[in-house]
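Me: I have a new structure in front of me and would like to learn how to read its features. Please take me through it step by step.

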Amino acid sequence: MEKENPFKLFVPPRLSAGQPSAVRRQGFNKCPGDDFKLPFRTLNRGEVADSATMSQPVKLCSEVDEENIETMNELYSKLYKEAEKIKQWKLTVESELTQKERKLQENRNIIEAQHKTIQELQFENEKLHLKLEDELCEKKDLLKENTASRHLCNLLKETCTHFTEKTSKYEQEREETRQLYEELHSNVERMTVAFEELRGQAENDRLEMSFKLKEEAEKMEKLKRDCKLEVSQKEEQISALIIQSDEKDDVIRDIKAQLQESQNRIADLIEEKSKREMLKESQVNQERLRAELEEAKTSLEKAEVTQKSLENEFQTTVKTLIQVTEEKEAQEEECKKTKALHAALTAEFETSIANLKSLLQKEQNRLEKCEDESKLLTLELRNKSAELEEMTKLKCDKEMQVEELSGRLEKMEGLLLKKEHLEATLESLQEREEETKNVLQMREKEIHGLKAQLTSTAEKEQDYLNQLLTLKTDLEQEMLKNEQLTVCINKLSLEKEQIAQEKSDVAAELKKLQESHKDSKKEEENTKQLVENLEEANGQLRNELESLKEKMAKTGEEIESKLDEREENMNNLKKQVENKTKCIEELQQENKVLKKKITAESKKTSIYEGKVEKLKLLYDEATMIQRETDIRCQHKIKEMVALMEKHKHEYDKMVEEKDAELKVCKMKQQEQLSSERSLESELSRLKSELSSLKEQLKEEMEEKENLVKKHSQNRVPETEMEHKKIRTYFPGTQIPP
Amino acid sequence: MAEAEAQEENCDKSIEMIEKCNKDLETLLEEMEKITVRAAWMTYGIVTIHTNPDLASSMKHLEDAFLRCKEQVGRKWQEVLKESKGEEE
């Protein structure tokens, strides 16, 4: 700049103004001299060069010109120095220019490279921008997905909350259902236990009732059978008794007929005894007989009354026995025992009967024999006594009557004796009754049997009596006849003796028969005693029956009460059963309701299960999706994060580098710009200088050429050399400014 | 630079968002697991309740006992009636 200063000092004109000034100066400068052309040209050129750069005012030039004139010489020296300096400076500047040009080129190259790099970087930036945009889009998409996932997550949260609430509700319901199930189970168990108890109770009651009913049925059947048997037996007895009564009636009728006949005979005898005093006696006897007849009638009436009473009693007993049925089962057993005993008795009786029968047969045989004999005797006697027969018959009749009466008296006496004996026997029989009180029931049958026997025996006895009476009549007739025959048949002593023997025999037989009859009578009496005893026993039995009736009534009442109780129990059981059925029905209804509830709950649970399953599936799917999305998101996020980080790092690095580079570049650019500017300024200056210098050179060259031309012939090569040198010095200056 | 900062902020926000999402997802996963566990427990309970044979067996026993009682009660009265009829006959 020091060099410039002088230029400034000297000539800092403008180009526009400088050119004319330069022209003026050139013109002015030419004036001083030609030796100083070069420097002046150089100066001018410098000035020109400087004028281009210099922008000093022109006013100073005028003043400087005046000073220059004064110091031209100094200036010429200075100019030489300065020219040299300038030359040096030119060289340096040229070198510097070349260096700077080189630098500029290098910088330009660098700039170009940097531009290229910048372009590349820009491309890369654009790519990266695109990538970033893509990634941003992906980020946005991911953010959207995240927002969507967040929405889904929120929805899932809501659903989870709902589900938790529902699960809580379901758990409560589940617990409630468990409790209900437990209650139902307990109730069902209770019900089963109750039903089983009912079943057991019903079975027991049924069995008891069945047993009782069976027993009662059996008892009833047995009683019915026994009653039927007894009824049949009693009907038979009744029939037998009726027959007996009929027979007795017949006997009574016969007796009545006989009585009438006797009465007739007594009347006849009375008529006859009117004639005789014996008839009075006979009358008296007849009266006695009548009394006896009346007594017999009374006895018959009593017998009839007794028969009627017995009949009534039998009827009452039938009724009572019909009423009494239950106790006779045990009595049957006793009866069986007594049956055995009485079987023996019957056997004995049968033996006796057989004996009696044999005796009867024997008697019958004997009677037949006697009849035959009597028939013979009658024939004989009929032939002998026709007239006396009437009287004798009468007498016999009387005697017969007397004898009959005597017999009856004897009978009565015997009866009285027998009564006395009967009383004794009654006492004994009472003892026997006391002994036989334990065997009451069987004695009825004994009574029946014995009654039958009695009837039979009575019949037989009656027959026997009849037969005996007839026999007696016959025998008495025979006796009379024999006595007659004795009277008549003194002659027939042998016959009488025989007859007496026969009579004795017959008497013996008669005695035997009488004894037998007595025995039979005794037996009859015994049987009568037994009948009386049995009647007493019957009375006792009646009493017992009454007691038994009472007992039976009691038992009946008890049974009725029991039946009532059983009926009540049955009713209660029915009620209980009904109640239980009702309970069962209620329980069934409850069970149905519970079943319905269970079904509903099961349905609910199924629905809930379906829902749960659906929810599970959804949750599973959602979880899977979430997991997948999470994984993907995570992966993506990770990748993205990594990429982002990497990119970040890279970008940061790049950015930093770029920033640094940019900064450097900027700095460089700035420097370069500044340098460029400076260089440009210098270049401009240099160009101006060069132009000036070129012009000077051209002028010099022209001058030289001129000189050369002048001295050309001699110094052409030198000048050419100088020109070449100068041209070499100013290779670049050929460039126009 | 502002863009980079904004981008960084967005990145940070996105990262934070992602982390939040992850956390939320984890919480949701835990809740879902809990819910699934509860649902599984519920199903187990329901299955046990439904498939509980005690109720059915007890109900069968009840029905059997009830039928037995009915039969026996009916038999009782029928037999009583029959026996009464037999006795009458």
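Reply: What follows takes chain B, then an aromatic pair, then two charged patches. The model is predicted, so local features need pLDDT of at least 70 and side-chain atom pairs count only at pLDDT 80 or more, while totals for chains, interfaces and linings use all residues. Residues are numbered from 1 along each chain as its sequence is written, chains are lettered from A and ligands numbered from 1 in the order in which they are written, and side-chain values use heavy atoms, with hydrogens and water left out.

Me: How many helices and strands are there in chain B?

Reply: Helices (H or I, at least four residues) and strands (E, at least two) are DSSP runs, numbered from the N terminus. Chain B has two helices and zero strands. Buried means under 20% relative accessible area, exposed over 50%, and partly exposed in between (1.4 Å probe, protein chains only). In chain B, 33% of the 89 residues count as buried.

Me: How many aromatic pairs does the structure hold?

Reply: Rings of Phe, Tyr and Trp (its six-membered ring) pair if their centres lie within 6.5 Å; planes under 30 degrees apart count as stacked, over 60 as edge-to-face and the rest as tilted. Over all chains there are two aromatic pairs. One of them has the ring centres of Phe195(A) and Phe66(B) 5.2 Å apart with planes at 70 degrees, so it is edge-to-face.

Me: Why does the pair of Phe195(A) and Phe66(B) join two chains?

Reply: Because Phe195(A) lies in helix α5 (residues 72-274) of chain A, and Phe66(B) in helix α2 (residues 53-88) of chain B. Both Phe195(A) and Phe66(B) are buried.

Me: Which residues form the positive surface patch?

Reply: Patches take residues with over 30% relative accessible area and no salt bridge (a side-chain nitrogen of Lys or Arg within 4 Å of a carboxyl oxygen of Asp or Glu). Like charges are joined within 9 Å. The positive patch consists of Lys222(A), Lys224(A), Arg225(A), Lys228(A), Lys336(A) and Lys339(A). Helix α5(A) gives the most, four residues. Lys339(A) sits in helix α7 of chain A and is partly exposed, at 45% relative accessible area.

Me: Which helix supplies the largest share of the negative patch?

Reply: That is α1(B), with six residues. The patch includes Asp652(A), Glu656(A), Glu5(B) and Glu8(B). Glu8(B) is in helix α1 of chain B and is partly exposed, with a relative accessible area of 32%. Helix α10 (493-729) of chain A and α1 (2-50) of chain B each supply at least two residues.

Technical notes. Patch = residues over 30% accessible without salt bridge, like charges linked within 9 Å, V, L, I, M, F, W, Y side chains within 5 Å. Areas by Shrake-Rupley, 256 points an atom, 1.4 Å probe, with all protein chains shown as cover. Lys, Arg positive; Asp, Glu negative; His and termini not counted. Charge placed at Lys NZ, Arg CZ, Asp CG, Glu CD.
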